[in-house]
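Me: I am new to this structure and should be grateful for a close look at a single part of it. Please choose one strand and explain how it sits among its surroundings.

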Amino acid sequence: MSSASVWRWTTTILLSVASAASAATVTRGPYLQMPTASSIIVRWRTDVATSSEVAYGAAPGSLSLTTNDGALTTEHIVELNDLAPDTQYYYSVGEIGVPIVGDDADHRLRTAPTTGTARATRIWTIGDAGFTGANLNAVRDAYATYAGSSSADLFVLLGDNAYLTGTDAQYQTAVFDTHAAMLRTTPVWSVVGNHEAFSSNPVTQVGPYYDMFTFPTAGEVGGIASGTESYFSFDYGSVHFIVLDSEQAPTSSSTPMLTWLEADLQDATLNNPDWIVALWHRPPYSRGLLHNSDVEVAEINMRQYALPILEDYGVDVVFCGHSHNYERSYFLDSHYGLAATLTPANLVEPGDGDPAGDGAYRKEATGLSPHSGAVFVVNGSGSEVRNTTLNHPAMLVGLLELGSVIVDVDGNTLTAQFLNSAAQVKDTFRIVKGTTCSSAPASGCAAAPKGKVKVRNNSDNSKDKWSWTWKNGNLDGAGVGDPAGETDLAACLYDADGVLVGGTLLHGAPEWKTFSNGLRYTDKTLSRHGLKKIKLKFGTGKGSITIDARGAGAAVPTLPVVLPLTAQLVNLDNGACWESAFATATRNDGEKLNAALP
Amino acid sequence: MDELKHDAVDAVASRPRDPAAHLQRARVHRLAEEWPTALAELGRAESLGADADEVGALRAAVLLDAGQAESALREIDRVLARRPDAAGLRFERGRICLALGQTEQAAREFGDAIAALPAPRPEHVMARRDALLAIGRRADALLALDEGMARVGRVASLQLAAVELEVELGRYDGALRRLDQLLAPRPNPAWVARRGDILARAGRRDAARAEYTRALALLEGRSGKRPAKGFDELRRRLEFELHSASTQEAKQ
């Protein structure tokens with residue numbers, strides 16, 4: 001049902017407290033949809049037709065606002081408006097003047113943050129979770145165990161949500177009964193899967209799937225109007241989500257869905273969200289049992305026609321289902337052919353993206369960054385696992401385990417974890433954007449007996465400079481890694497208030513050269529954070545680090561600084577780090593900062 | 001698919017006299033592209049008292065998929081005679097007409113379906129446009145897009161298609177007005193550049209240059225951020241267009 005058909009509602013201050021009990025029973029929901037910074041839709045079903053009313057307020061027992069409609073129905077759709085952004089409300093649902101359920105701690109909703117606000121956001125996503133029973137319950141309960149009292153902000157269903165044919169009755173048990181607690185507090189989004197298409201016609205948009213969910217058709221939750229509930233986009237904080245319909249997969253690059261997709265991405269690019277996350281059912285890369293992305297036409301078409309557009313505009317992560325397993329790709333770009341055509345050039349980074357493994361994947365730019373790598377996840381083991389080879393070469397991880405995926409977005413960091421049905425995290429990848437230093441120094445870094453820091457702040461910024469030397473310490477090549485190859489390094493200087501100067505040097509910079517017992521980086525153009533020279537001399541007790549940056553790009557702050565001072569070099573992939581900590585300075589005024597060890 | 005087949009087989013085994021079980025099995029065989037088996041199951045469902053309209057609609061779809069468009073047409077017409085209000089079937093009839101080469105009739109069926117469907121998709125509207133274009137009726141195709149947008153909303157996928165048709169018909173002001181409607185809420189540089197292209201094609205070079213400059217300014221408003229590939233190409237093209245215009249002006 002499109003939002004256009006949502007009835008008109010009026011919000012009034014509640015003048016009287018209901019006294020009579022309703023004869024109706026809530027048989028589905030309540031469940032939440034289409035959250036924006038100022039509105040949300042509350043839906044529920046009753047066994048007999050009644051009027052509709054949502055009472056809401058800041059705390060249980062004080063639901064002082066209501067939105068209602070007098071028309072009698074069993075399918076209740078109430079849109080709450082004029083809400084405050086990123087704000088929690090408690091609510092009840094019922095007929096006018098007669099609440100049926102709610103007004104307690106379990107019936108609460110939170111509006112979305114204002115679009116563009118980088119608020120920490122959690123998304124819980126399950127795929128092919130349509131078989132009811134012990135498996136599905138275990139996956140659900142594992143998330144509850146893992147998350148504890150911290151709610152998800154969004155609940156995403158990746159299609160095939162109710163087996164076998166997505167009927168209303170099957171949805172009742174697999175989705176609305178199984179996830180009742182999640183649904184009454186967390187807005188739900190979904191993509192259409194092949195089993196939904198068995199009972200709901202994606203061509204005519206008629207059937208239980210389209211009846212039970214309210215999705216945007218006119219850009220109501222961000223993005224531009226698609227004109228259909230089968231594909232659309234929405235914003236949540238600093239994330240732009242794109243939902244595509246792989247049941248009506250494009251057969252050329254100019255279908256209405258792809259024309260809309262490009263226009264939507266152009267619009268997103270101008271708004272510059274921090275992240276783009278795409279969702280659909282049939283995966284572009286998979287070797288699931290009976291679902292081979294080299295064979296199934298819809299998968300091939302999504303890969304061939306939709307992926308180039310998404311990557312042109314900087315998609316970060318794609319979540320799909322369909323194969324009843326978990327598969328997770330390398331950090332990929334521009335792989336649009338069959339599996340055998342994958343080459344090393346398609347791997348933006350060959351590592352695993354795990355902060356505890358090879359280190360996070362990194363993108364130089366904040367915001368959207370085209371063709372800078374994306375991770376593709378097949379999250380289809382929500383209620384069943386099917387034994388298969390999982391040997392698609394684009395996939396780094398393949399697991400035959402029941403589970404779900406938790407996505408945490410926090411500023412310039414996106415972390416996704418596969419949580420199995422025993423509440424164990426079995427895969428993690430992280431994408432970090434930007435090249436700024438972390439907000440606080442790393443801990444456990446190796447010190448050296450000698451060190452020196454100099455910072456010069458000139459009225460002419462082009463004459464600014466800073467340098468750090470670390471001398472007579474232990475520095476080895478294994479710890480430093482291969483910055484010309486895969487290693488990301490950070491060179492940063494902190495005072496008591498945080499970062500002063502420096503930044504991240506992403507892997508692969510051609511300015512790195514080796515010499516007999518070390519590495520040297522030389523960039524006369526000062527293109528990265530004003531860094532002109534980094535010299536790393538390996539040795540035990542004789543190792544040294546020399547860093548020299550200058551010019552406006554060095555972004556030297558106003559002096560003096562607040563001591564103590566910490567200078568660090570950090571291998572962002574393996575966590576090794578080296579530092580000089582200065583409790584005092586020999587000079588710390590408006591022009592110069594000098595500090596030395598011992 | 002195997003799972004669906006097992007489920008359908010089990011359902012028929014446990015409820016052999018239940019027409020719904022046979023209908024379900026027919027649907028599964030259709031998905032598996034097993035046309036004769038699907039048609040046989042539909043026959044059984046019908047003989048057991050399944051809803052004749054449901055059986056007929058599904059049989060028509062199976063026949064169309066199986067390449068038997070004439071039989072599909074006869075079947076769907078039988079259903080439509082009883083259910084003339086079934087908009088989904090009306091669209092299906094359009095597809096059958098297309099398969100039979102009756103393109104003009106297909107366009108009519110699509111139009112009727114779009115008018116009657118509770119929530120038509122942009123794809124429906126484009127199907128009607130394509131049918132009309134296939135028989136050379138560009139002005140009617142443009143009208144079809146407008147009628148479709150009256151139902152679906154002024155979505156970019158349809159409005160941009162209408163822009164291109166306006167240009168093909170030489171109606172440059174109409175094309176510009178449509179782009180203005182798209183641009184009103186959102187200043188997309190690609191659409192501003194398209195305005196420039198249309199103005200240039202209409203011989204309004206100064207106005208075209210102004211639009212190219214505006215598009216470039218919108219792109220540069222994103223300075224410091226790595227450009228999307230599509231926007232990067234657009235930027236280069238705009239710079240080329242503006243350079244060409246300056247060169248021409250200097251020659252004159």
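Reply: The account below begins with one strand of chain A and then moves outward to its surroundings. The model is a predicted one.

The strand chosen is S13 of chain A, which spans residues 275–279. Five of its five residues are buried, so the strand is largely enclosed by the rest of the structure. In a regular strand, side chains alternate between the two faces of the sheet. Both faces of S13(A) are covered: Trp275(A), Val277(A) and Leu279(A) lie on one side, Ile276(A) and Ala278(A) lie on the other, and all are buried.

Next come the strands paired with S13(A). Strands of a sheet pair through backbone hydrogen bonds, and they may run parallel or antiparallel. Strand S12 of chain A, residues 239–243, runs parallel to S13(A) and is joined to it by five bridges. Within this pair, Val277(A) has Phe241(A) opposite it. Between the two strands the chain passes through helix H6 of chain A, residues 256–271, in a β-α-β crossover that is right-handed. Strand S16 of chain A, residues 317–320, is also parallel to S13(A), with three bridges joining the two. Here Ala278(A) stands opposite Val318(A).

Two residues of the strand also appear in a wider grouping. The largest nonpolar core has 195 residues, and Ala278(A) and Leu279(A) are among those touching the most other members, together with Val42(A), Tyr91(A), Val243(A) and Leu145(B). The element that gives the most to this core is helix H4 of chain B, residues 52–65, with eight residues. Val243(A) is in contact with Leu279(A) and, leaving aside neighbours within four places in sequence, also with Trp189(A), Val191(A), Tyr231(A), Phe232(A), Ser233(A) and Trp280(A). Another core, of 42 residues, lies apart from the largest one and includes Trp470(A), Val480(A), Tyr521(A) and Leu572(A).

The helix of the crossover leads on to the other chain. Contacts between the chains involve 36 residues of chain A and 30 residues of chain B. On the side of chain A that touches chain B, H6(A) gives the most, with nine residues. That side of chain A comprises 15 nonpolar, 18 polar and three charged residues.

A sheet elsewhere in chain A offers a setting with antiparallel pairing: it is open, has eight strands and follows the order S31-S32-S33-S34-S28-S27-S38-S37. Its edges are S31 (512–515) and S37 (587–588), each with a single partner strand, so one side of each is left without a neighbour in the sheet.

Terms used
Residues numbered from 1 in each chain as written. Chains lettered and ligands numbered in written order. Predicted model: local features only at pLDDT ≥ 70, side-chain atom pairs only at ≥ 80, totals over all residues. Buried ≥ 20, exposed ≤ 12 C-beta atoms within 10 Å, placed from the backbone. Helix = DSSP H or I, 4+ residues; strand = E, 2+ residues; numbered from the N terminus. Pairing = 2+ DSSP bridges. Right-handed = clockwise from strand over helix to strand, strands pointing away. Core = buried A, V, L, I, M, F, W, Y, C linked by C-beta atoms within 7 Å. Contact = placed C-beta atoms within 7 Å. Nonpolar A, V, L, I, M, F, W, Y, C, P; charged D, E, K, R; others polar.
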